[in-house]
Amino acid sequence: MTTSGGKPLIFVEFFCALILLILIFLKIPERDGYSPAICFLIALFGFFRAYSHSLTVREIKWLKDKFILCTLYGEKIFLFDKTTPYKVEKRKNGIVRFVFKKGFQLFVVNELDFPEIVKKMKMLYNVD
């Protein structure tokens, strides 16, 4: 199952943060009375958001004994018998999110993006 979009948002976030960083080095915010430190923090936040959006799950392959989460950086394999969710979040409106951890990376499977897969995960991990 595949989710849509994502790449244009990553590009826009990265590009805006890069432009702001270039403006800081050209000392344009100082001339207009803005703090370069605040502009740098905003640029850093933009780079962080672009990186975090690039790690989102784009596709899930559900196989007989495992599922594979696909991101822009590759595929991560999770075996059913050796995997438990790192965190299960349930919002007030009933939307469930499964968070899986592999190494230092977190992968979020949201019910809004993958409704059929989350239904299978609810049965697999006994989540109401």
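What follows is a talk between a student and a tutor about a predicted model, its sheet, its hairpins and its salt bridges.

Student: What makes strand 5 and strand 6 a pair?

Tutor: Two bridges are enough for strands to count as paired. Strand 5 (residues 96–102) and strand 6 (residues 105–110) have six bridges, in the antiparallel sense. One of the matches sets Lys-101 against Leu-106 in strand 6.

Student: And how are strand 5 and strand 6 connected?

Tutor: They form a hairpin, with two residues between the strands. Look at Gly-103 in that turn: its phi is positive, about 70°.

Student: How do you know that strand 4 belongs with strand 5?

Tutor: Same test. The cut-off is at least two bridges, and strand 4 and strand 5 share four, again antiparallel. Glu-89, for instance, stands opposite Arg-97 in strand 5.

Student: Why is the sheet of strands 4, 5 and 6 called open?

Tutor: The order is 4-5-6, with antiparallel pairing. Strand 4 (87–90) and strand 6 each have a single partner strand, so they stand at the edges and one side of each has no neighbour in the sheet. On average, neighbouring strands here are turned by 20° against each other, direction ignored.

Student: What lies across strand 5 and strand 6?

Tutor: Helix 4 (residues 115–124) does, running at about 75° to strand 5.

Student: What about strand 2 and strand 3: how do you know that they pair?

Tutor: Count the bridges. Strand 2 (residues 66–71) and strand 3 (residues 74–79) are joined by six and run antiparallel, against a requirement of at least two. Thr-71 stands opposite Gly-74 in strand 3, and a hairpin links the two strands through two residues.

Student: On to charges. How many salt bridges does the whole structure have?

Tutor: Four turn up in a search of the whole structure.

Student: Why does Lys-87 with Glu-89 count as a salt bridge?

Tutor: The limit is a side-chain nitrogen within 4 Å of a carboxyl oxygen. Lys-87 and Glu-89 come to 3.7 Å, N to O, so the pair passes.

Student: What makes Glu-89 and Arg-97 qualify?

Tutor: Their closest N and O atoms are 3.3 Å apart, and the limit is 4 Å, so this pair passes too. Lys-87, Glu-89 and Arg-97 are thereby linked in a network of salt bridges.

Student: Are Lys-87 and Glu-89 buried, exposed or partly exposed, and how do you know?

Tutor: Buried means under 20% and exposed means over 50%, with partly exposed in between. Lys-87 has 40% relative accessible area, so it is partly exposed. Glu-89 is at 26%, so it gets that label as well.

Student: Why is Glu-111 called buried, then?

Tutor: Its relative accessibility is 19%. The cut-off is under 20%, so Glu-111 counts as buried.

Student: What does Glu-111 form a salt bridge with?

Tutor: With Lys-122, the closest N and O atoms being 3.3 Å apart. Glu-111 sits in the loop between strand 6 and helix 4, and Lys-122 in helix 4, so the pair ties together parts eleven residues apart in sequence.

Student: What makes the pair Lys-122 and Glu-111 a polar contact as well?

Tutor: The distance between the side chains is 3.3 Å, and the cut-off is within 3.5 Å.

Student: Leaving aside neighbours within four places in sequence, which residues does Lys-122 contact?

Tutor: Val-96, Phe-98, Glu-111 and Val-127.

Key. Residues are numbered from 1 along each chain as its sequence is written. This is a predicted model: local features need pLDDT of at least 70, side-chain atom pairs count only at pLDDT 80 or more; totals for chains, interfaces and linings use all residues. Side-chain values use heavy atoms; hydrogens and water are left out. Axes are lines fitted to C-alpha atoms, for helices over the stretch in contact, and angles run from 0 to 180 degrees between N-to-C directions. Contact means heavy atoms within 4.5 Å. Buried means under 20% relative accessible area, exposed over 50%, partly exposed in between (1.4 Å probe, protein chains only). A polar contact is a pair of N or O atoms within 3.5 Å; within protein, one must be able to donate a hydrogen and the other to accept it, and residues adjacent in sequence count only if both atoms are side-chain atoms.
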